[in-house]
Amino acid sequence: MTHRTAAKAMIVLAAALTASGAALAQATTDAAAAPAPAPDFTGNISLTSNYKFRGQDQDMIGKNDFAKTKGFKPAIQGGFDYAFGSSGFYVGNWNSSVNWQKGNSIESDLYGGYKFKAGPLDMDVGALTYIYPGNSAGNTTELYVGATYANETFGSFTAKYSHTVSKDYFGYAGNKAGSGLKGTNTGYLNLSYSKEIVPKVTLKAAVGYTNMSSDIRSLGYKSYVDYNVGASYDFGNGLSLTGSVQGANKQSSYLAVSNPGVDLGFGPIGQTTYSPNKARFILTLTKTL
């Protein structure tokens, strides 16, 4: 997707989302209406100025296969969730445009799990598979467990741990990556917080730690910390806009060539590199359905 096309898509999508968020007229009756049950099916669609996953850019391949360095690398995203009544079980799918593997432009996530109460905590356990149809070297499967404590006064706190059970881990290692090494047992811990600070404005902050498998670390990729700090504004009717700063440390361990420079026979001169961990300010427009 070119930047010009993406910009046009952003304008069209924003207009469509705003229009679809208009309230529907509802007839009233003399009898008191019963509380509406929670919907079994929910959906969402988003347009973001840059898609980062665990602090890393997911749009990397530019002209002549060298790394993009611009901060504006828009992505279209969307998915759905289906809850099986009040049983606690659910399944879902989420998708995004990406550009970090040759031959692939889509990330498609399939997941399912079980939610339940454990005292004051809302628990969530399940499995998630990341699928990259055009280049399966990125395919990764994780098991996860999360716990949320919500309080009107203090806000909402969530801790979630994801554990890789597939041999492949996002192309860093695994059979399909051709390294002969495994990404199995890579772990990711994420701690997040949210709180409505003024009406319609919610503060959001998160920090995560990726503990790479020993095989991946042997290739020079270090375990790292990512962060996400920002706020969202609720326009109503499921439409919201979020602004955040996202990035990660250990940038020197994750570098891609952005300009090859000139090779005079004793090494390249003028070569430049870019790290997907670089901090960026990101805007995301979301409509929940």
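Which residue in β8 is the bridge partner of M123? In this predicted model, that partner is A147. The pair belongs to a run of antiparallel strands, described below after an outline of the chain.

The chain has 289 residues, and 37% of them count as buried. Its secondary structure comes to two helices and 18 strands. Contacts between residues at least 6 apart in sequence were examined for their span. Of these, 54% join residues at least 24 apart. The chain exposes about 15,800 Å². Carbon and sulfur atoms supply 61% of that area.

The strands from β6 to β9 were followed in order. Strand β6 covers residues 106–118, and strand β7 covers residues 121–131. The two pair in the antiparallel sense, over eleven bridges. Y111 has L128 of β7 as its bridge partner. Two residues separate the strands, which form a hairpin. In the turn, G119 has a positive phi of about 65 degrees.

Strand β7 also pairs with strand β8, residues 140–151. Nine bridges join β7 to β8, and the two run antiparallel. M123 and A147 are bridge partners here. L128 stands opposite E142 in β8. L128 thus appears in two pairings: with Y111 and with E142.

The next step leads from β8 to β9. These strands are antiparallel too, with ten bridges between them. They form a hairpin with three residues between the strands. N151 has G155 of β9 as its bridge partner. N151 is the last residue of β8, which spans residues 140–151. G155 is the first residue of β9, which spans 155–164.

Beyond β9 comes a loop that leads to β10, and F170 lies in this loop. Phi of F170 is near 45 degrees, a positive value in a residue other than glycine. Is F170 buried or exposed? Its relative accessibility is 8%, so F170 counts as buried.

A further set of pairings involves β10, β11 and β12. Strand β10 spans residues 187–198, and strand β11 spans residues 201–211. Eleven bridges join them in the antiparallel sense. L191 stands opposite V207 in β11. The hairpin of β10 and β11 has two residues between the strands. There K200 takes a positive phi near 75 degrees. Strand β11 pairs in turn with strand β12, residues 224–236. This pairing is antiparallel and extends over ten bridges. G208 stands opposite D226 in β12.

Another positive phi occurs at D65. The angle is near 70 degrees, and the residue is not glycine. D65 lies in the loop between β3 and β4, the latter being residues 75–83. Is D65 buried or partly exposed? At 47% relative accessibility, D65 counts as partly exposed, because the buried class ends under 20% and the exposed class begins over 50%.

Towards the end of the chain, L283 lies in strand β18, residues 280–288. With a relative accessibility of 41%, L283 counts as partly exposed. Which residues does L283 touch, apart from those up to four places away in sequence? They are L47, T48, S49, T242 and G243. F72 is 211 residues from L283 along the chain. The C-alpha atoms of L283 and F72 are separated by 9.7 Å.

The pockets were also examined. The second largest has a volume of about 640 Å³. Its lining consists of 26 residues. M60, W100, Y172, Y221 and P276 lie nearest the centre of this pocket. Strands β3 (56–57) and β14 (256–259) each supply at least two residues of the lining. By class, 18 lining residues are nonpolar, four are polar and four are charged.

Methods: Residues numbered from 1 in each chain as written. Predicted model: local features only at pLDDT ≥ 70, side-chain atom pairs only at ≥ 80, totals over all residues. Heavy atoms only, no water. Pairing = 2+ DSSP bridges. Helix = DSSP H or I, 4+ residues; strand = E, 2+ residues; numbered from the N terminus. Buried < 20%, exposed > 50% of the residue type's maximum accessible area, 1.4 Å probe, protein only. Contact = heavy atoms within 4.5 Å. Areas by Shrake-Rupley, 256 points an atom, 1.4 Å probe, with all protein chains shown as cover. 1 Å grid on protein atoms, 1.4 Å probe; cavity = no way out; pocket = protein on both sides within 12 Å on 5 of 7 lines; lining within 4 Å. Points joined across faces, edges and corners; volume = space filled by probe spheres on them. Nonpolar A, V, L, I, M, F, W, Y, C, P; charged D, E, K, R; others polar.
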